[in-house]
Amino acid sequence: MLAERRASVMRKARFIREAIAAKRNTPGRTLHNSRHFGAVRLRGQPIVAGPVSRVRVSKTAGLANVLINTVGGYVDIGDYVFFGLDVLLLTGTHDFTVRGPDRQIPSKELDRSIVIENGAWIASRSVIIGPCRIGANAVIGCGCVVDFDVPADTVVRVRQEVVKDTIRYRGSLRPDQLMDGQ
(Lines give C-alpha, C1' and ligand atoms only; values in the text may rest on other atoms or scores of the structure.)
Protein backbone atom coordinates (compact mmCIF):
# COMPACT_ATOMS: atom_id res chain seq x y z
CA MET A 1 0.00 0.00 0.00
CA LEU A 2 2.74 2.44 0.96
CA ALA A 3 4.81 1.48 -2.09
CA GLU A 4 1.83 2.09 -4.42
CA ARG A 5 1.19 5.50 -2.86
CA ARG A 6 4.86 6.46 -3.17
CA ALA A 7 4.89 5.34 -6.83
CA SER A 8 1.79 7.44 -7.53
CA VAL A 9 3.36 10.51 -5.89
CA MET A 10 6.57 9.98 -7.86
CA ARG A 11 4.64 9.75 -11.17
CA LYS A 12 2.79 13.00 -10.39
CA ALA A 13 6.01 14.75 -9.42
CA ARG A 14 7.72 13.59 -12.64
CA PHE A 15 4.76 14.80 -14.72
CA ILE A 16 4.87 18.23 -13.04
CA ARG A 17 8.65 18.50 -13.51
CA GLU A 18 8.34 17.59 -17.19
CA ALA A 19 5.48 20.05 -17.69
CA ILE A 20 7.47 22.89 -16.12
CA ALA A 21 10.70 22.04 -17.90
CA ALA A 22 9.08 21.52 -21.32
CA LYS A 23 9.73 24.13 -23.95
CA ARG A 24 6.04 24.87 -24.39
CA ASN A 25 6.49 28.26 -26.01
CA THR A 26 8.84 27.24 -28.80
CA PRO A 27 6.74 26.29 -31.80
CA GLY A 28 9.37 24.08 -33.47
CA ARG A 29 8.43 20.90 -31.59
CA THR A 30 5.00 21.82 -30.26
CA LEU A 31 2.76 21.79 -33.33
CA HIS A 32 0.96 18.47 -33.37
CA ASN A 33 -1.93 17.01 -35.23
CA SER A 34 -5.23 16.47 -33.40
CA ARG A 35 -4.50 12.77 -32.71
CA HIS A 36 -2.29 13.86 -29.82
CA PHE A 37 -5.16 15.77 -28.19
CA GLY A 38 -5.18 14.14 -24.73
CA ALA A 39 -1.48 14.32 -23.98
CA VAL A 40 -0.97 17.69 -25.63
CA ARG A 41 -3.87 19.30 -23.75
CA LEU A 42 -2.42 18.17 -20.43
CA ARG A 43 0.96 19.67 -21.26
CA GLY A 44 -0.47 22.99 -22.48
CA GLN A 45 0.85 22.72 -26.03
CA PRO A 46 -0.88 23.83 -29.24
CA ILE A 47 -2.88 21.42 -31.37
CA VAL A 48 -3.27 21.73 -35.15
CA ALA A 49 -6.40 20.35 -36.79
CA GLY A 50 -5.61 20.22 -40.48
CA PRO A 51 -2.36 20.57 -42.41
CA VAL A 52 0.46 21.72 -40.10
CA SER A 53 2.20 23.20 -43.16
CA ARG A 54 -0.41 25.99 -43.17
CA VAL A 55 0.79 27.34 -39.81
CA ARG A 56 3.59 29.90 -39.67
CA VAL A 57 4.62 30.78 -36.13
CA SER A 58 7.41 33.12 -35.04
CA LYS A 59 9.97 31.55 -32.71
CA THR A 60 9.26 34.32 -30.19
CA ALA A 61 5.50 33.66 -30.00
CA GLY A 62 4.16 32.37 -26.68
CA LEU A 63 1.81 29.50 -27.43
CA ALA A 64 -0.19 27.76 -24.73
CA ASN A 65 -2.85 25.10 -25.38
CA VAL A 66 -4.10 26.83 -28.53
CA LEU A 67 -6.24 24.89 -31.01
CA ILE A 68 -5.37 25.93 -34.56
CA ASN A 69 -7.76 24.81 -37.31
CA THR A 70 -6.13 25.08 -40.74
CA VAL A 71 -8.80 23.38 -42.85
CA GLY A 72 -9.95 26.62 -44.53
CA GLY A 73 -6.80 28.71 -44.68
CA TYR A 74 -3.43 29.69 -43.30
CA VAL A 75 -2.57 30.94 -39.81
CA ASP A 76 0.32 33.40 -39.54
CA ILE A 77 1.48 34.35 -36.02
CA GLY A 78 4.00 37.18 -35.69
CA ASP A 79 6.80 38.02 -33.25
CA TYR A 80 6.08 38.24 -29.52
CA VAL A 81 2.42 37.28 -29.85
CA PHE A 82 1.18 35.90 -26.54
CA PHE A 83 -1.74 33.49 -26.06
CA GLY A 84 -3.74 32.65 -22.94
CA LEU A 85 -5.26 29.23 -22.30
CA ASP A 86 -7.93 27.57 -24.45
CA VAL A 87 -7.68 29.97 -27.42
CA LEU A 88 -9.25 28.78 -30.70
CA LEU A 89 -7.97 29.92 -34.11
CA LEU A 90 -10.56 28.68 -36.61
CA THR A 91 -10.20 28.90 -40.39
CA GLY A 92 -12.64 26.13 -41.29
CA THR A 93 -16.27 26.53 -42.24
CA HIS A 94 -19.19 24.37 -43.29
CA ASP A 95 -21.81 24.98 -45.96
CA PHE A 96 -25.00 25.34 -43.96
CA THR A 97 -27.13 25.43 -47.15
CA VAL A 98 -26.46 21.71 -47.78
CA ARG A 99 -28.57 18.97 -46.22
CA GLY A 100 -27.75 15.47 -45.09
CA PRO A 101 -24.29 14.00 -44.50
CA ASP A 102 -22.62 16.51 -46.87
CA ARG A 103 -23.37 19.20 -44.29
CA GLN A 104 -20.59 17.80 -42.08
CA ILE A 105 -17.92 18.08 -44.76
CA PRO A 106 -15.83 21.23 -44.23
CA SER A 107 -15.45 23.68 -47.10
CA LYS A 108 -11.97 23.56 -48.62
CA GLU A 109 -11.83 27.29 -49.34
CA LEU A 110 -8.43 28.84 -48.67
CA ASP A 111 -9.63 32.41 -48.19
CA ARG A 112 -10.33 32.17 -44.44
CA SER A 113 -6.78 32.85 -43.25
CA ILE A 114 -5.91 34.43 -39.90
CA VAL A 115 -3.00 36.84 -39.50
CA ILE A 116 -1.91 37.90 -36.02
CA GLU A 117 0.65 40.69 -36.20
CA ASN A 118 3.62 41.34 -33.91
CA GLY A 119 3.05 41.95 -30.20
CA ALA A 120 -0.65 41.06 -30.08
CA TRP A 121 -2.09 39.47 -26.94
CA ILE A 122 -4.91 36.94 -27.21
CA ALA A 123 -6.41 36.27 -23.77
CA SER A 124 -7.83 33.00 -22.46
CA ARG A 125 -10.88 31.39 -24.04
CA SER A 126 -10.90 33.78 -27.01
CA VAL A 127 -12.12 32.53 -30.37
CA ILE A 128 -10.62 34.00 -33.54
CA ILE A 129 -12.63 33.11 -36.66
CA GLY A 130 -11.08 33.71 -40.08
CA PRO A 131 -10.80 35.53 -42.29
CA CYS A 132 -9.42 38.24 -40.06
CA ARG A 133 -6.30 40.20 -39.20
CA ILE A 134 -5.34 41.12 -35.63
CA GLY A 135 -3.20 44.27 -35.76
CA ALA A 136 0.16 44.84 -34.08
CA ASN A 137 0.01 45.22 -30.29
CA ALA A 138 -3.76 44.65 -30.23
CA VAL A 139 -5.27 42.99 -27.15
CA ILE A 140 -8.18 40.55 -27.39
CA GLY A 141 -9.84 40.15 -23.97
CA CYS A 142 -10.97 36.96 -22.28
CA GLY A 143 -13.91 35.20 -23.88
CA CYS A 144 -14.13 37.39 -26.98
CA VAL A 145 -15.32 36.01 -30.30
CA VAL A 146 -13.55 37.90 -33.08
CA ASP A 147 -14.63 37.45 -36.69
CA PHE A 148 -13.54 40.88 -37.91
CA ASP A 149 -10.32 42.78 -38.50
CA VAL A 150 -8.88 44.43 -35.38
CA PRO A 151 -6.76 47.56 -35.97
CA ALA A 152 -3.30 47.89 -34.42
CA ASP A 153 -3.09 49.16 -30.81
CA THR A 154 -6.75 48.32 -30.07
CA VAL A 155 -8.33 46.56 -27.09
CA VAL A 156 -11.32 44.30 -27.80
CA ARG A 157 -13.23 43.12 -24.77
CA VAL A 158 -16.65 41.84 -23.75
CA ARG A 159 -18.75 44.14 -21.63
CA GLN A 160 -21.69 42.41 -20.14
CA GLU A 161 -24.53 43.99 -18.30
CA VAL A 162 -24.64 43.00 -14.64
CA VAL A 163 -28.15 42.73 -13.24
CA LYS A 164 -28.63 42.30 -9.51
CA ASP A 165 -32.11 41.34 -8.36
CA THR A 166 -33.19 40.15 -4.95
CA ILE A 167 -34.62 36.63 -4.87
CA ARG A 168 -38.32 36.66 -4.07
CA TYR A 169 -39.47 33.54 -2.32
CA ARG A 170 -43.07 32.29 -2.42
CA GLY A 171 -45.14 33.90 0.27
CA SER A 172 -42.65 36.67 1.02
CA LEU A 173 -43.34 40.36 0.62
CA ARG A 174 -41.82 42.40 -2.17
CA PRO A 175 -39.33 45.11 -1.13
CA ASP A 176 -41.89 47.85 -1.91
CA GLN A 177 -44.48 46.12 0.32
CA LEU A 178 -42.02 46.06 3.20
CA MET A 179 -41.69 49.84 3.07
CA ASP A 180 -45.47 50.39 2.95
CA GLY A 181 -46.15 48.01 5.83
CA GLN A 182 -43.74 49.72 8.28
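**Close-up views of a predicted model**

**View 1. Arg 125 is exposed, at 57% relative accessibility.** The model shown here and in the other views is predicted. Asp 86, in contrast, is buried, with a relative accessible area of 18%. Asp 86 and Arg 125 form a salt bridge, and their closest N and O atoms are 3.0 Å apart. The partners come from distant parts of the chain, 39 residues apart. Asp 86 sits in the loop between β6 (82-83) and β7 (88-90). Arg 125 sits in the loop between β9 (121-122) and β10 (127-129). The salt bridge thus has a buried acid and an exposed base.

**View 2. Glu 117 and Arg 133 form a salt bridge.** The closest N and O atoms of this pair are 2.9 Å apart. Distant parts of the chain are linked here too: Glu 117 lies in the loop between β8 and β9, Arg 133 in strand β11, and 16 residues separate them. Both ends are partly exposed: Glu 117 at 24% relative accessibility, Arg 133 with a relative accessible area of 40%. The structure holds 2 salt bridges.

**View 3. Cys 142 and Cys 144 are not joined by a disulfide.** The disulfide count for the structure is 0. For Cys 142, the nearest cysteine sulfur is that of Cys 144, 8.0 Å away. Because a disulfide requires sulfur atoms within 2.5 Å, the 8.0 Å between the sulfurs of Cys 144 and Cys 142 is too far for a bond. The surroundings of these cysteines contrast. Cys 142 is exposed, at 54% relative accessibility. Cys 144 is buried, with a relative accessible area of 3%.

**View 4. The largest nonpolar core holds 26 residues.** Seven names matter for this view: Ile 77, Phe 83, Leu 89, Ile 116, Ile 128, Ile 134 and Ile 140 touch the most other members. Four strands each give two or more residues to the core: β3 (55-57), β5 (75-77), β8 (114-116) and β11 (132-134).

**View 5. Ile 140 is one of the core residues that touch the most other members.** Neighbours within four places in sequence are left aside here. Beyond them, Ile 140 is in contact with Trp 121, Ile 122, Ala 123, Ser 126 and Ile 128 on the N-terminal side of its own position. Ile 134 is a further contact of Ile 140, as are Val 146, Val 150 and Val 156. Ile 128 and Ile 134, among these contacts, also belong to the core group that touches the most other members.

**View 6. Four strands build an open, parallel sheet.** The strand order is β6-β9-β12-β14. β6 and β14 (155-156) are the edge strands, and each pairs on one side only. β6 and β9 run in the parallel sense, paired over 2 bridges. Across this pairing, Phe 83 stands opposite Ile 122 in β9. Phe 83 also appears in View 4, as a core residue among those with the most other members touched. Ile 122 also appears in View 5, as a contact of Ile 140.

**View 7. Ser 58 makes a polar contact with Asp 79, side chain to side chain.** The distance of this contact is 2.4 Å. Ser 58 belongs to the loop between β3 and β4 (67-69). Is Ser 58 buried or exposed? Ser 58 is buried, with a relative accessible area of 11%.

How values were computed
Residues are numbered from 1 along each chain as its sequence is written. This is a predicted model: local features need pLDDT of at least 70, side-chain atom pairs count only at pLDDT 80 or more; totals for chains, interfaces and linings use all residues. Side-chain values use heavy atoms; hydrogens and water are left out. A nonpolar core is a set of buried Ala, Val, Leu, Ile, Met, Phe, Trp, Tyr and Cys residues joined through side-chain atoms within 4.5 Å. Buried means under 20% relative accessible area, exposed over 50%, partly exposed in between (1.4 Å probe, protein chains only). Contact means heavy atoms within 4.5 Å. A salt bridge is a side-chain nitrogen of Lys or Arg within 4 Å of a carboxyl oxygen of Asp or Glu. Two strands pair if DSSP finds at least two bridges between them. A polar contact is a pair of N or O atoms within 3.5 Å; within protein, one must be able to donate a hydrogen and the other to accept it, and residues adjacent in sequence count only if both atoms are side-chain atoms.
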